[in-house]
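Reader: Hi! I am new to reading protein structures, and I would love a close look at one part of this one. Could you pick a sheet, walk me through it strand by strand, and then show me a little of what lies elsewhere?

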Amino acid sequence: MADTLEFNEIYQEVKGSMNDGRLRLSRQGVIFKNSKTGKVDNIQASELAEGVWRRVALGHGLKLLTKNGHVYKYDGFRESEFDKLSDFFKAHYCLELAEKDLCVKGWNWGTVRFGGQLLSFDIGEQPVFEIPLSNVSQCTTGKNEVTLEFHQNDDAEVSLMEVRFYVPPTQEDGVDPVEAFAQNVLSKADVIQATGDAICIFRELQCLTPRGRYDIRIYPTFLHLHGKTFDYKIPYTTVLRLFLLPHKDQRQMFFVISLDPPIKQGQTRYHFLILLFSKDEDISLTLNMNEEEVEKRFEGRLTKNMSGSLYEMVSRVMKALVNRKITVPGNFQGHSGAQCITCSYKASSGLLYPLERGFIYVHKPPVHIRFDEISFVNFARGTTTTRSFDFEIETKQGTQYTFSSIEREEYGKLFDFVNAKKLNIKNRGLKEGMKQSYDEYADSDEDQHDAYLERMKEEGKIREENANDSSDGSGEETDSSFNPGEEDDDVAEEFDSNASASSSSGDGDSDHEDKKPAKKAKIVKDRKPRKKQPESKKGKDPNAPKRPMSAYMLWLNASREKIKSDHPGISITDLSKKAGELWKAMSKEKKEEWDRKAEDARRDYEKAMKEYSVGSKADSHRGEKSKKKKKKQEKQVKGKGDKKGATSKSSSSKSPAKGMSDSFKSKEFVSSDESSSAESKKEDSEDEGAASPPPSSEDSASGSD
């Protein structure tokens with residue numbers, strides 16, 4: 001038999017609400033972890049007194065009773081799991097898991113039994129309903145009547161607030177059954193009554209949530225906040241965690257008390273009690289108990305007379321009474337040397353503290369996020385300025401928290417912290433060796449098959465292989481680097497061959513100087529010419545072989561219609577999720593069959609790719625030859641055109657009288673025109689590199705004649 005049993009999606013009944021979580025049964029005992037709060041209930045195997053299996057609204061339930069009277073209820077089991085649980089209880093806890101069904105007769109009279117912290121209303125031997133006495137907030141009596149009032153449940157849409165019991169009078173003298181009933185309830189009920197003196201009182205403490213100054217009276221079982229307008233009574237059983245956090249200015253301290261259920265002020269709920277202290281404030285404290293009582297109750301954690309900083313005294317007293325550890329920031333240190341980061345959440349500025357096992361933000365509204373409930377984090381660019389960035393956290397329940405306006409200098413420190421805690425960073429993925437180091441039981445998020453990720457990996461491998469094949473022919477890098485500082489220089493280079501000369505040439509023009517002030521010449525940096533993109537990247541060849549699909553994609557294409565027929569009306573996203581679950585649950589032998597098909601497809605692709613690359617190389621070789629030939633022809637045509645243009649240009653420049661009259665030409669004009677054309681021909685021949693002697697004096701004299 002297995003040493004442990006684990007159950008997911010189990011619901012624990014606490015004060016009328018059903019909290020979902022995970023249940024684990026082992027040789028040592030029973031552990032339940034609440035998915036919402038992270039609170040862990042640990043029941044030792046030696047403390048178990050009775051186990052009851054019964055049918056409930058959510059299927060089947062398990063009720064555990066301990067030797068000290070505590071009752072734990074867990075619902076959400078299937079009927080088929082009874083045999084497995086029964087055998088486990090016999091083997092490891094030496095308990096018989098009894099089957100008891102609830103009475104459904106509908107009668108409203110019966111017998112009330114008090115067992116531990118449970119009130120059971122029975123008809124005969126079968127229970128009709130049970131009331132945990134810890135849910136009772138008040139108990140009042142009347143003539144032959146007892147009224148029970150309950151704590152309001154904020155998580156439930158409908159809450160039971162009151163139950164009345166009619167207690168018939170008895171003939172026994174000296175015993176009042178109504179008072180006896182009420183005393184049994186009050187002895188176990190969660191009724192807060194400020195009887196007796198407080199252990200100690202802290203006066204006029206500054207409280208951020210709820211806002212104001214309050215006197216804090218410390219009683220043995222609860223905390224009393226007394227303000228000018230409101231009073232709050234907080235039982236120590238509702239305290240989840242304690243935090244002591246230094247302010248960024250190093251002169252103040254936050255003391256944070258996490259509460260579940262929260263305290264209420266009208267419709268407002270306060271899940272955190274935040275006190276702000278100055279480090280310079282000192283206090284001398286005397287407990288309202290004698291030294292023997294202090295030593296017996298607190299076992300050296302507190303003394304009758306204490307003195308020190310006010311925040312130290314408050315945190316020390318709370319730690320001793322609540323019996324919980326105080327969480328302080330770990331080894332994180334920001335850019336400024338503080339153990340926190342200044343940021344904004346929901347348009348309010350505050351401080352984010354990276355802790356050893358989570359993040360906490362103070363103060364408005366306070367947020368505590370545990371690492372084991374984080375799905376991934378993301379570093380995003382700031383929306384308003386590039387001097388800051390946003391830090392986003394998404395939980396496994398889909399809740400997203402965005403902490404914005406974080407200084408850019410904090411990025412490196414925060415990224416290193418997140419990396420060290422092995423949290424999943426969005427857009428980077430969970431790399432090898434980055435698996436979260438939490439207990440499997442603590443992490444309720446199981447790995448899901450990501451079809452898109454598998455496909456991207458396959459395509460990446462093929463792309464790398466193709467790049468290696470084509471790297472032999474191309475020896476140069478084709479991507480040009482992006483230099484933001486040189487963007488303005490591109491304009492000068494693109495539209496002018498000599499940007500500095502052209503821009504400064506306007507300075508010598510007196511007309512422009514009178515009309516406009518001279519612009520400062522733009523200094524152009526010498527930079528390398530941009531390299532041409534290879535022609536192969538201009539477009540994808542439609543004749544190229546198609547990349548092969550992965551094993552998962554082959555299976556999905558073959559199974560898509562079957563999944564649609566099995567689940568009519570299923571959406572595309574749900575179909576992908578369902579396909580991922582089916583692929584994950586598939587046996588290794590079936591997966592190997594699809595792996596073989598994928599391997600065959602890959603081999604066919606490689607073969608086709610080789611044939612295609614050989615053909616494309618031959619085509620490119622022929623194309624290059626034809627291009628070279630075409631360029632040569634264009635060059636020759638261009639050279640001839642340049643010669644003709646130069647001749648016509650020189651002839652037109654040397655004939656100033658051409659525009660006067662086309663009909664009449666004098667003898668002198670004709671002779672000078674011919675001589676000038678002869679000189680232009682000689683200049684052309686000199687440009688082409690032909691060695692021709694300069695014109696002699698006789699030639700020039702004859703030309704002038």
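Author: Happy to! Let's begin with one pair of residues: F243 stands opposite T327, which belongs to strand β24. Keep in mind as you look that this is a predicted model.

That pair is part of the link between β19 and β24, which run parallel to each other and are joined by 2 bridges. In general, the strands of a sheet pair through backbone hydrogen bonds, and the pairing can be parallel or antiparallel. With its other neighbour, β20, strand β19 pairs in the antiparallel sense, this time over 7 bridges. Look there for P246, whose bridge partner in β20 is M253. The two strands β19 and β20 make a hairpin, with 5 residues between them. In that turn you will find Q250, which has a positive phi of about 65°. Strand β19 is also mostly covered, since 8 of its 8 residues are buried.

Now follow the chain onward. Strand β20 covers residues 252-265, and 10 bridges join it to β21, residues 268-278, in an antiparallel arrangement. One facing pair here is K264 and R269, the latter in β21.

Let's step back to see the whole sheet. It is an open sheet of 8 strands, and its order is β18-β17-β16-β15-β21-β20-β19-β24. The pairing is mixed, and you have already met both senses of it around β19: parallel with β24 and antiparallel with β20. At the edges sit β18 (231-235) and β24 (326-327), each of which pairs on one side only. A helix packs on this sheet too: α4, made of residues 310-322. Helix α4 touches β15, β16, β17, β19, β20, β21 and β24, and its direction makes about 100° with that of β15.

There is also some empty space to find here. Rolling a probe the size of a water molecule over the atoms shows where empty space is left. A search of the whole structure gives 2 cavities of 30 Å³ or more. The second largest holds about 40 Å³ of space. Its lining is made by F202, I216, I218, L223, F255, I257, L275, V314 and M318. Strands β16 and β20 and helix α4 each supply at least two of the lining residues, so this cavity brings us back to elements we have just toured.Next, the charged side chains. Side chains of opposite charge can pair when their charged atoms come close. The count for this model comes to 19 salt bridges. Here are three of them, each in its own setting.

In the first, R78 pairs with E81, and the closest N and O atoms are 3.2 Å apart. The two partners differ in how covered they are: R78 is exposed, with a relative accessible area of 55%, whereas E81 is buried at 9%. In the second, D372 meets R370 at 3.1 Å, N to O, and both D372 and R370 are buried.

The third joins D566 and K562, with 3.2 Å from N to O. These two residues lie 4 residues apart in helix α10 (residues 551-566), which means that about one helical turn separates them. D566 is partly exposed, at 45% relative accessible area, while K562 counts as exposed at 54%. Salt bridges can also share partners, and in that way E599, D600, R602, R603 and E606 are joined into one network.

To finish, visit two residues in other strands. H60 is in strand β6, residues 59-66, and counts as buried because its relative accessibility is 10%, under the 20% cut-off. Leaving out residues up to four places away in sequence, H60 touches W53, R54, R55, Y74, D75, G76, F77, R78 and E79. One of these, R78, is the exposed partner from our first salt bridge.

E99 is in strand β8, residues 97-99, and is exposed, with a relative accessible area of 57%. With the same residues left out, E99 touches W53 and F82. E99 and F82 are 17 residues apart in sequence, and their C-alpha atoms are 9.5 Å apart in space. Notice that W53 is in contact with H60 and also with E99.

Note on methods: Residues numbered from 1 in each chain as written. Predicted model: local features only at pLDDT ≥ 70, side-chain atom pairs only at ≥ 80, totals over all residues. Heavy atoms only, no water. Salt bridge = Lys/Arg side-chain N within 4 Å of Asp/Glu carboxyl O. Buried < 20%, exposed > 50% of the residue type's maximum accessible area, 1.4 Å probe, protein only. Contact = heavy atoms within 4.5 Å. Pairing = 2+ DSSP bridges. Axes fitted to C-alpha atoms, helices over the stretch in contact; angles between N-to-C directions. 1 Å grid on protein atoms, 1.4 Å probe; cavity = no way out; pocket = protein on both sides within 12 Å on 5 of 7 lines; lining within 4 Å. Points joined across faces, edges and corners; volume = space filled by probe spheres on them.
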